[in-house]
Amino acid sequence: MADLHPPIFIIGYMASGKTTLGRALARALGRDFIDLDFYIEQRFRKRIPEIFAERGEEGFRDMEARMLREVGEFSGVVVSCGGGTPCHRDNMEYMNARGTTVFLDATIARICYRLSVAKTRRPLLEGIPADRLPAFIESHLAPRLPYYTRAHISIPSDALETRAQIDTAVSALLPLLPG
């Protein structure tokens with residue numbers, strides 16, 4: 001029997017608006033929202049930076065792939081993935097086969113702005129000075145784009161700063177979703 005409400009996976013680089021748009025989309029669709037990083041932290045009772053420190057990136061990516069497949073089996077969910085999730089362990093193939101993938105395409109300038117005002121620390125950015133951030137993001141984003149652009153749907157995500165902008169983005173996305 002086919003899943004009547006397969007998952008929607010929100011992907012994109014860090015600070016592209018995945019959690020912001022994902023929550024709003026889930027609310028609009030009457031679905032549950034899952035932030036994959038938060039899900040991992042709750043399941044393993046450790047923060048992502050601690051997991052990276054203890055297991056390294058490879059260990060984290062193994063754990064992330066297992067947890068993606070766990071939440072991907074849930075019906076009626078919107079899943080906000082980590083920025084690197086689509087790029088490892090055949091995760092992009094899994095998400096595309098299991099549900100609908102939505103790539104949030106933010107400019108480097110917008111990503112830098114959001115990271116500069118963010119209150120949470122990102123393990124990947126430890127030790128990167130602010131003046132080197134745009135070049136770092138550009139070099140780090142380039143190898144991820146071939147994965148991101150395989151999403152079923154791609155939308156610009158620079159304008160997700162106000163409630164009105166978020167509502168506009170959700171309204172534009174809804175007709176693009178299957179069913």
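**Exercise 1. Packing of helix 6**

Task: Find what the buried residues of helix 6 pack against, then work out where on the helix they lie.

Solution.
Step 1. The buried residues of helix 6 pack against two helices: helix 5 (108–117) and helix 7 (145–148). Keep in mind that this is a predicted model.
Step 2. List the residues. Helix 6 covers residues 133–141, and its buried residues are Leu133, Phe136, Ile137, His140 and Leu141.
Step 3. Look down the helix axis. The buried residues of helix 6 fall within an arc of 120°, so they line one face of the helix.
Step 4. Turn to the other side of helix 6. There, Ala135, Glu138 and Ser139 are exposed.

**Exercise 2. A salt bridge inside one helix**

Task: Locate Glu57 and Arg61 in the chain, and decide whether Arg61 is buried or exposed.

Solution.
Step 1. Place the pair. Glu57 and Arg61 both belong to helix 3 (residues 48–71). They sit 4 residues apart, about one turn of the helix.
Step 2. Check the side chains. They meet in a salt bridge, with 3.1 Å from N to O. The cut-off for a salt bridge is within 4 Å, so this pair qualifies.
Step 3. Read the accessibility. Arg61 has a relative accessible area of 5%, so it is buried. Glu57 has 35% and is partly exposed.
Step 4. Widen the view. Glu57, Arg61 and Glu64 are linked in a network of salt bridges.

**Exercise 3. Bridges between distant parts of the chain**

Task: Find which parts of the chain are linked by Asp62 and Arg89, then do likewise for Glu161 and Arg114.

Solution.
Step 1. Start with Asp62 and Arg89. They form a salt bridge whose closest N and O atoms are 2.6 Å apart.
Step 2. Place both residues. Asp62 is in helix 3, while Arg89 is in the loop between strand 3 (77–80) and helix 4 (91–98). The pair is 27 residues apart and links distant parts of the chain.
Step 3. Judge the exposure. Asp62, at 36% relative accessibility, is partly exposed. Arg89 is partly exposed too, at 29%.
Step 4. Move to Glu161 and Arg114. Their side chains meet in a salt bridge of 2.6 Å, N to O.
Step 5. Place this pair. Glu161 is in the loop between strand 5 (153–156) and helix 8 (163–173), and Arg114 is in helix 5. They are 47 residues apart.
Step 6. Judge the exposure again. Glu161 is partly exposed at 38% relative accessibility, whereas Arg114 is buried at 11%.

**Exercise 4. The whole count**

Task: State how many salt bridges a search of the whole structure finds.

Solution. The search finds 12 salt bridges.

Technical notes: Residues are numbered from 1 along each chain as its sequence is written. This is a predicted model: local features need pLDDT of at least 70, side-chain atom pairs count only at pLDDT 80 or more; totals for chains, interfaces and linings use all residues. Side-chain values use heavy atoms; hydrogens and water are left out. Buried means under 20% relative accessible area, exposed over 50%, partly exposed in between (1.4 Å probe, protein chains only). The arc is that of the directions from the helix axis to the C-beta atoms. Contact means heavy atoms within 4.5 Å.
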